[in-house]
Amino acid sequence: MADRGGPLEAASLPAEVREGLAELELELSEGDITQKGYEKKRAKLLARYIPLIQGIDPSLQAENRTPGPSQTTAAAPKQQKSRPTNSRDERFRSDIHTEAVQAALAKYKERKMPMPSKRRSVLVHSSVETYTPPDTSSASEDEGSLRRPGRLTSTPLQSHPSVEPWLDRVVQGSSTSSSASSTSSHPGGRPAAAPSAATTPGAAAATALAGLTAHAHIGVPVNSRVSSKIQQLLNTLKRPKRPPLKEFFVDDFEELLEVQQPDPNQPKPEGSQMAVLQGEPLAAGAPWPPSLLAALQRWGTTQPRAPCLTALDTTGKAICTLTYGKLWSRSLKLAYTLLNKLTSKNEPLLKPGDRVALVFPNSDPVMFMVAFYGCLLAELVPVPIEVPLTRKDAGSQQVGFLLGSCGVTLALTTDACQKGLPKAQTGEVATFKGWPPLSWLVIDGKHLAKPPKDWHPLAQDAGAGTAYIEYKTSKEGSTVGVTVSHASLLAQCRALTQACGYSEAETLTNVLDFKRDAGLWHGVLTSVLNRMHVVSIPYALMKVNPLSWIQKVCSYKARAALVKSRDMHWSLLAQRGQRDVSLSSLRMLIVADGANPWSISSCDAFLNVFQSRGLRPEVICPCASSPEALTVAIRRPPDLGGPPPRKAILSMNGLSYGVIRVDTEEKLSVLTVQDVGQVMPGASVCVVKVDGAPYLCKTDEIGEICVSSSATGTAYYGLLGITKNVFETVPVTAGGVPVSDRPFTRTGLLGFIGPDNLVFVVGKLDGLMIVGVRRHNADDVVATALAVEPMKFVYRGR
């Protein structure tokens, strides 16, 4: 075909046409135009010169023998109409055409003129982005064989094992001259990927076009800036898709190993193994009632006018004083109503041992006390809870889980409280999220039935049956119920009476929540055992007048007061200008959160201000308690045989390793704590290791305090698994020998036994944070903030 003069005819194409053809090839390779657009523009460029190049179609030669503007214009549409829309014109497949264009490009190359380009890189797209044709929807299978070999279109990428070497060759040639890249990288002007096209029909035409395409693409001098990007692309393709698994974790793993490796210089416990600490025995021969209910009946019948409980409103005015006679009679009426007037399908709604929810606000201690003792007289188990404020409160949902697990079907409340509860469309109390279906009973006097004169409750002796259930919320937010038996309830009241020296008709001012914890044990239970008078300070009054509890101590000549360190602090802020208050009547100021590290600062500051107003230093009595173990320890005044108070200045660094190291008070890196007194009467206490088996700690080691006593909780209601772990712990010596034949109860308090057998608490297990091998406590964060700026960051922020 060479002798037909194709190259000579191709060489006769004008320079602007050859440039246009080369530019079209580049646009197509870059994806700037579709295959159809390429063919249309190419046909338009060559329409006038087609007879010169092809020379194989006599009809076309005759038709275009005398080309002119009008004939050329008319010929192009005819050719486009006669061509199929899905394939390239057969005229452009002749070998004559190929040889002619090759000769023209060879001559063009000798002129050393750069070919036009619209984009910086020709090779990037031909290597990565062009594995599929630009317009596959209109390309025939035959046309696929005519693709430029740089576009791997005949087979997918996975079928080309030589893709990576091909990329290498392309990148190497990109930084060289056009002639070098066209000869060294692809001998014969043919890319390495071209053999894939030879397997399809029309292989000869594809081979001819390959030469044209190779010169048209690779002959363009490439900007040196492109080569770095192509090299980056190549490196990316060579790199594995995912690094080895070790590379993901090697840094963190090595760092973790460094944290876990013990510091050879870290402090370690050096003391001897501690011994179990025995509390004083309970007083024998005292005229104790056989049960708390027996004490209520005794005082209600023999001292009916003796004041039992005084409730205040938000202005500090006494709105109600409940006498022991009224408490006894109202509790009897409620017990009779619960047992005889509540029926379901002609059957009693309740039977002995059933659980009943008590829903009373913190401003109504009188009705709560009637409900609590009414349930005890009816042999029902009261479950005091907080008043739900909304239907979907998250905390209320956890309480609902507790009520459901306890099988509660009845809730006791007052008329005023029920009116404030969310209502359903029917007007009844709404069903709270997560709560079981409940019946609501208003226990105001008009709703209760008077029992017959011959009706008497079973004033049972204190036994192993459950007296009440106190809720506890863990750090995860779950709510569990701690069961307290009748025997534990009586033992707790007796132990508190002996430890605090309570006597008959004493007055106690109570600022705490009377539904749970120390507020319940002192202000509702132990007070009735001793016929004491409790003045209950509502929390709403404390917000309005933080001095209210001190004023009531003065006006009622109270002998004891039950507060928290926050109440002492608030009264310090409000005491200016109050010169007529006196605390000389107090013999015990019980600080119920004395186990908190920041309590000591409030106690010291309170003493400094009010010592001039009659407060004696030995009056301040911090205590420690937990829902599981009830009261753990309490400081006794000297007249009750207690040792002088102590404080410990401990190294925070040592505490982070669970070791006790005494430091100096001048440093900010120390924790100053005060003792929480002695072990409760009739109790045994030891300190066990936090992790693993309950081995006894050494004398200079921090651990969890455990208590063995008849005055502790007995179980988590309905949760046998965690009950055994907490309420039936058996501490052992280093040799694995049990320290006692009686089980111990874990308190959740972290501390140690100091001089004079005084108990010190440095934090709670719920607030423990372990980082590596070091321990930190949430309470320490608060204590540190207090040491830096207490007024600004903690108390006002609270």
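These legends describe close-up views of a predicted model.

**View 1. A four-stranded open sheet.** Four strands line up in the order β7-β6-β8-β9. Their pairing is parallel, and the sheet is open. The edge places go to β7 (381–385) and β9 (439–442). Each edge strand has a single partner, so one side of each is left without a neighbour in the sheet. From one strand to the next, the twist averages 30°.

**View 2. Strand β8 and its partners.** Strand β8 covers residues 410–413 and pairs with strand β6, residues 355–359. This pairing is parallel and runs over two bridges. Across it, L358 stands opposite L412, and A357 stands opposite A411. Strand β8 also pairs with β9, again in the parallel sense, over four bridges. There, L412 stands opposite L441 in β9.

**View 3. The two faces of β8.** In a regular strand, side chains alternate between the two faces of the sheet. Look for this in β8: L410 and L412 point one way, while A411 and T413 point the other way. Every one of these four residues is buried.

**View 4. Helix α17 against the sheet.** Helix α17 packs on the sheet and touches β6, β7 and β8. The direction of α17 makes about 175° with that of β6. An angle over 145 degrees counts as roughly antiparallel.

**View 5. The largest nonpolar core.** In soluble globular proteins, nonpolar side chains tend to be buried together. The largest nonpolar core in this model has 99 residues. Among the residues with the most contacts inside it are L327, L338, Y373, L412 and L525. Helix α17 (residues 365–377) supplies the largest share of this core, 11 residues. Apart from this core lies another, of 28 residues. The smaller group includes L312, M542, L572 and F606.

**View 6. Around L338.** Which residues does L338 touch, leaving aside its neighbours within four places in sequence? L338 is in contact with L350, G374, C375 and L380. Its other contacts beyond those neighbours are L410, L412 and L441. Of these, L410 and L412 belong to β8, and L441 lies in β9.

**View 7. S331, a buried serine.** S331 sits in helix α16 (residues 324–340). Is S331 buried or exposed? S331 is buried, because its relative accessible area is 0% and the cut-off for buried is under 20%. Beyond residues up to four places away in sequence, S331 touches V370, Y373, G374 and L377.

**View 8. Helices α2 and α3 side by side.** Helix α2 spans residues 15–30, and helix α3 spans residues 35–46. Their axes come within 10 Å and cross at roughly 175°. The two helices are therefore roughly antiparallel to each other. On the α2 side, the meeting residues are V17, G20, L21, L24, E25, E27 and L28. On the α3 side, they are Q35, Y38, K41, R42, L45 and L46. By class, this contact has seven nonpolar, two polar and four charged residues.

**View 9. N777 and its surroundings.** N777 is part of strand β27 (residues 774–777). With 4% relative accessibility, N777 counts as buried. L750 is 27 residues away along the chain, yet the C-alpha atoms of L750 and N777 are separated by 9.8 Å. N777 touches L750. Setting aside residues up to four places away in sequence, N777 also touches G763, K764, G767, L768 and M769.

How values were computed:
Residues numbered from 1 in each chain as written. Predicted model: local features only at pLDDT ≥ 70, side-chain atom pairs only at ≥ 80, totals over all residues. Heavy atoms only, no water. Core = buried A, V, L, I, M, F, W, Y, C linked by side-chain atoms within 4.5 Å. Buried < 20%, exposed > 50% of the residue type's maximum accessible area, 1.4 Å probe, protein only. Contact = heavy atoms within 4.5 Å. Pairing = 2+ DSSP bridges. Axes fitted to C-alpha atoms, helices over the stretch in contact; angles between N-to-C directions. Parallel < 35°, antiparallel > 145°, perpendicular 65-115°, else oblique. Nonpolar A, V, L, I, M, F, W, Y, C, P; charged D, E, K, R; others polar.
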